[in-house]
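Me: I would like to learn how to read the architecture of a model such as this one, going from the domains to the sheets and then to a pocket. Could you take me through it step by step?

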Amino acid sequence: MSEPYHDYFGDFGGRYVAEVLRTPLDLLEAEFAAVLEDDGFRADFDRIAAQFIGRPTPLLFAENTTRALGGAQVYVKLEGLAHTGAHKINNAVGQVLLAKRMGKRRIIAETGAGQHGVATAAVCAKLGMPCRVYMGEVDIRRQKPNVFWMQMYGAEVVSVTSGSRTLKDAVNEALRDWAASFADTHYVIGSALGPSPYPDMVREFQSVVGRETERQIADAGIDVAALVACVGGGSNAIGFFAPWLERESPRLVGVEAGGTSDEVGAHAARMGGLGVPGIVQGYKSLFLLDDDGQVQPTHSISAGLDYPGIGPQLAALGQSGRVEFRRARDQEALAAVKHFASREGVVFALESAHGGAAALDIARELPSDKAVVVNMSGRGDKDLFIMAGELDRASWKEFLLSEGGRL
Ligand SMILES: *Cc1c(COP(=O)(O)O)cnc(C)c1O
């Protein structure tokens, strides 16, 4: 782990926090800088990655897809095979190990859809740390299965009833807790955003995905023209792209949630002119804001992409042109889930399927001696209810009603 430490990425990033949070962030920055140089820390991370996360995750040649498209070869990094079903656990392992090294005795986290909460709760169970997860009351109702799993792992899930009772309110509540508790508590942020050093830290811990992919590309002997990943806050994308950020090729393509249209409230695309510069929750980046600077509502079929802000490093990389941004609409993502399930026997998470949809489009435009690699950031099991509601509504309603009767 040797990437340089950044406070700002071009115009974006920084540490815009209340005075009380400066001390914990300074301490975290110093400890993070120390572990970058520490082989012992790296060895601990690698051991847990192998035994618990299930690393390395495979790089799959999507042979049937490639044959059907007649363009570039399509490869899929199966990050969804990581324990708890997505890339989020890489960051959770890194941060909880860091917290232990700092002598912290308690972990807090925020969660929206629940995936980051589940990953953090599982890691805390494994590493013997008490864990409290802040979650909006609305999200708790919508994401019942993830609440159940967090509690099964022994975490305390705290319902946040302020504001819109969703992710941003959960972040505020976690920050409030941390301001009072940092002497013995670490706050595990779930994406490559927030005040520095979080964007750097999360990229470093997620860069295991990119480093593995680089080796697997070399082993497969393929000529990669483009790497594609979905972008919510940006952690799977920045980790996947990390080894190539300072190089000119291949193309790096981030795919945002196009939702149902470009209307306010119908998407979560911050790049391509829809987002504006702002400072929200401790960092400067591009956000979906109204004329008064208030955060606008967002929509995506995927719970993990509907965040109003993008990680500061990706915002800067979009501005410099190193990362291209595209959008996939809800229905395109759903079509990509069906495509990869029926052709390759792999069910993408709805988030990852935004990348999958774009990868198919890009591969069609390229010659057959090139390859496109898409990061399947998560698997789709968690999206059963959403997908069933879209694809098979009537019979699922009947099933759920009959199950309800048995409870
Ligand atoms: C949370 C999540 C995302 C979005 O988060 P990033 O930080 O942008 O990676 C994407 N895919 C899956 C499967 C997720 O759980």
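Me: How many residues of domain 1 are in contact with residues of domain 2?

Reply: Please keep in mind that this is a predicted model. The size of an interface is often given as the accessible area lost when the parts come together. Here the description is a count of residues: 35 residues of domain 1 are in contact with 31 residues of domain 2. The domain assignment gives domain 1 as 8-52 + 88-199 and domain 2 as 54-85 + 207-391, and the centres of the two domains, taken over C-alpha atoms, are 23 Å apart.

Me: In what order do the strands of the four-stranded sheet lie, and what is the pairing?

Reply: A sheet can be read by following its strands from one edge to the other. This open sheet runs in the order β7-β6-β5-β8, with parallel pairing. Because β7 (156-160) and β8 (185-188) each have a single partner strand, one side of each is left without a neighbour in the sheet. Neighbouring strands are turned by 25° against each other on average, direction ignored. Within the sheet, β6 (residues 131-136) is joined to β7 by five bridges, and Y134 stands opposite V158 in β7.

Me: Which strands does helix α8 lie across?

Reply: Helix α8 (residues 167-181) lies across β5 (106-111), β6, β7 and β8, and its direction runs at about 160° to that of β5.

Me: What is the strand order in the sheet of six strands?

Reply: That open sheet has the order β3-β4-β14-β9-β10-β13, and its pairing is mixed. The edge strands, β3 (59-61) and β13 (323-329), each pair on one side only. Neighbouring strands of this six-stranded sheet are turned by 25° against each other on average, direction ignored. As for helix α12 (residues 330-344), it packs on the sheet by touching β3, β4, β10 (251-259) and β13, and its direction makes about 90° with that of β13. One parallel pair in this mixed sheet is β4 (residues 73-77) with β14 (residues 371-375), which pair over five bridges, and there V74 stands opposite V372 in β14.

Me: Which residues line the second largest pocket?

Reply: A pocket can be described by its volume, its lining and the character of that lining. The second largest pocket holds about 160 Å³ of space and is lined by L400, E403, G404, R406 and L407. Sorted by class, the lining has two nonpolar residues, one polar residue and two charged residues.

Definitions and conventions
Residues numbered from 1 in each chain as written. Predicted model: local features only at pLDDT ≥ 70, side-chain atom pairs only at ≥ 80, totals over all residues. Heavy atoms only, no water. 1 Å grid on protein atoms, 1.4 Å probe; cavity = no way out; pocket = protein on both sides within 12 Å on 5 of 7 lines; lining within 4 Å. Points joined across faces, edges and corners; volume = space filled by probe spheres on them. Nonpolar A, V, L, I, M, F, W, Y, C, P; charged D, E, K, R; others polar. Pairing = 2+ DSSP bridges. Helix = DSSP H or I, 4+ residues; strand = E, 2+ residues; numbered from the N terminus. Axes fitted to C-alpha atoms, helices over the stretch in contact; angles between N-to-C directions. Contact = heavy atoms within 4.5 Å. Domains from an automatic or database assignment.
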